[in-house]
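I opened the model to look up its domains, its sheets and its pocket. My notes follow in the order in which I checked them.

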Amino acid sequence: MSRKVDLRSDTVTQPTPEMFEAMARAPLGDDVLGDDPTVHELESEAAARTGHEAAVFVPSGSMGNQIALAVHCRPGDSILFEEEAHVMFYEAGAPAVIAQAITRQVPSSEGIMDVAEIEKRILKRSLHTPGTAVLAVENTHNRKGGAVTPVERMREFRTLCDQYGLKFHLDGARVFNAATALGVDVRELTSQVDSVSFCLSKGLGSPVGSVLCGSSELIEAARFWRKRLGGGMRQAGLLAACGLVSLRKMVPRLAEDHRRAAELAQAVESVDGLAMAYPCPTNILIIETEAPATKWVETLQERGILCMAFGPNRLRMVVHHQVDDAGIARTIEALRAGLGSPAS
Ligand SMILES: *Cc1c(COP(=O)(O)O)cnc(C)c1O
């Protein structure tokens, strides 16, 4: 029996040999005391890459997002998100608890918001209304098939935020995938926002960690929040060393994941009882299933293919660097074999 093809998420990757070597070599300090040189190196490289003054290494993307929102908001302010944003769906209600903000959802058909739909929902602070403090954009968009918001739309959002005095936060968990799909330097997307959080632990293959980038002032406030939330890490250079490998070595190969995901998406369309729910511009496939999604998950698992149910009739498959062409071929074969019949 050959190895499992694990398409549950791009978070499931094991550290690469190069990461283990980098960990063994990394000079370490105590980052809560501020003297871990490898963390400093990662933070300054991340800031430079995203076009910001400063950056802070955080344990997770959720913490990066929530710290940014807490810094941008006063309790009772309102935040605008796309209706299926990760910050709304998968961060345990944190905006209500940490930033203590009201949230308002913006509909979108395929994960890319319209300026007009956002503008309609902006509230001006008054005696009666909680002022809108932040627009948060997820690029790429997880629940909508890794959808990519183009550079021009990000510029329009920036203009809107300036017009209404909003802070612009980018949940850039997979922003390097977005930049790869668009064929632009990531800075085109990230330098337009007031804060961006990106994950080292998704397609970039690190075991743990995200980086929040912004102005020096924002990052100083973010360090305070990180400590408050229990996110201060000591010899964090071990993890930062992996993060540096991610930035230097893993970014350039994301296109390979996108190519494989597109091949898989094309094959899905030819399987009876399956259809793509969204286009697949990056590494995430959201698949509509005629039969219950759990039936597909179980059947595929028996064939060594792991994926997730993403609703009663939806599957999610995510391609990453530990899924190769053979893995994609096996997945396609397993899908084509269908659910089988009780008689067979
Ligand atoms: C994974 C993810 C995050 C952060 O998740 P953590 O598991 O907390 O690191 C944030 N936003 C999006 C869109 C994500 O996919």
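I took strands (E, at least two residues) and helices (H or I, at least four) as DSSP runs, numbered from the N terminus. Two strands count as paired if DSSP finds at least two bridges between them. The model is predicted, with pLDDT of at least 70 required for local features and 80 or more for side-chain atom pairs, while totals for chains, interfaces and linings use all residues. Residues are numbered from 1 along each chain as its sequence is written, and side-chain values use heavy atoms, with hydrogens and water left out.

Entry 1, domains. I found the chain divided into domain 1 (5–12 + 253–336) and domain 2 (17–250); the bounds come from an automatic or database domain assignment. Their C-alpha centres lie 27 Å apart. The contact (heavy atoms within 4.5 Å) takes 17 residues from domain 1 and 23 residues from domain 2.

Entry 2, the sheet of 7 strands. I read the order of this open sheet as 2-8-7-6-5-3-4, with mixed pairing. Strand 2 (54–58) and strand 4 (102–106) are at the edges with a single partner strand each, so one side of each has no neighbour in the sheet. Neighbouring strands are turned by 20° against each other on average, direction ignored. Axes here are lines fitted to C-alpha atoms, for helices over the stretch in contact, and angles run from 0 to 180 degrees between N-to-C directions.

I then looked at strand 7 (residues 195–199) and strand 8 (residues 210–214), which run antiparallel and are joined by 5 bridges. Phe198 stands opposite Val211 in strand 8. Helix 10 (residues 216–228) packs on the sheet and touches strand 2, strand 7 and strand 8, its direction making about 20° with that of strand 2. Helix 7 (residues 151–164) lies across strand 5 (132–138) and strand 6 (167–171), at about 150° to strand 6.

Entry 3, the sheet of 4 strands. I noted an open sheet with antiparallel pairing and the order 9-10-13-12. Strand 9 (274–276) and strand 12 (308–309) each have a single partner strand, so they stand at the edges with one side lacking a neighbour in the sheet. Strand 10 (residues 284–289) and strand 13 (residues 314–318) run antiparallel and share 5 bridges, and Ile287 stands opposite Leu315 in strand 13. Helix 12 (residues 254–269) lies across strand 9, strand 10 and strand 13, running at about 135° to strand 9.
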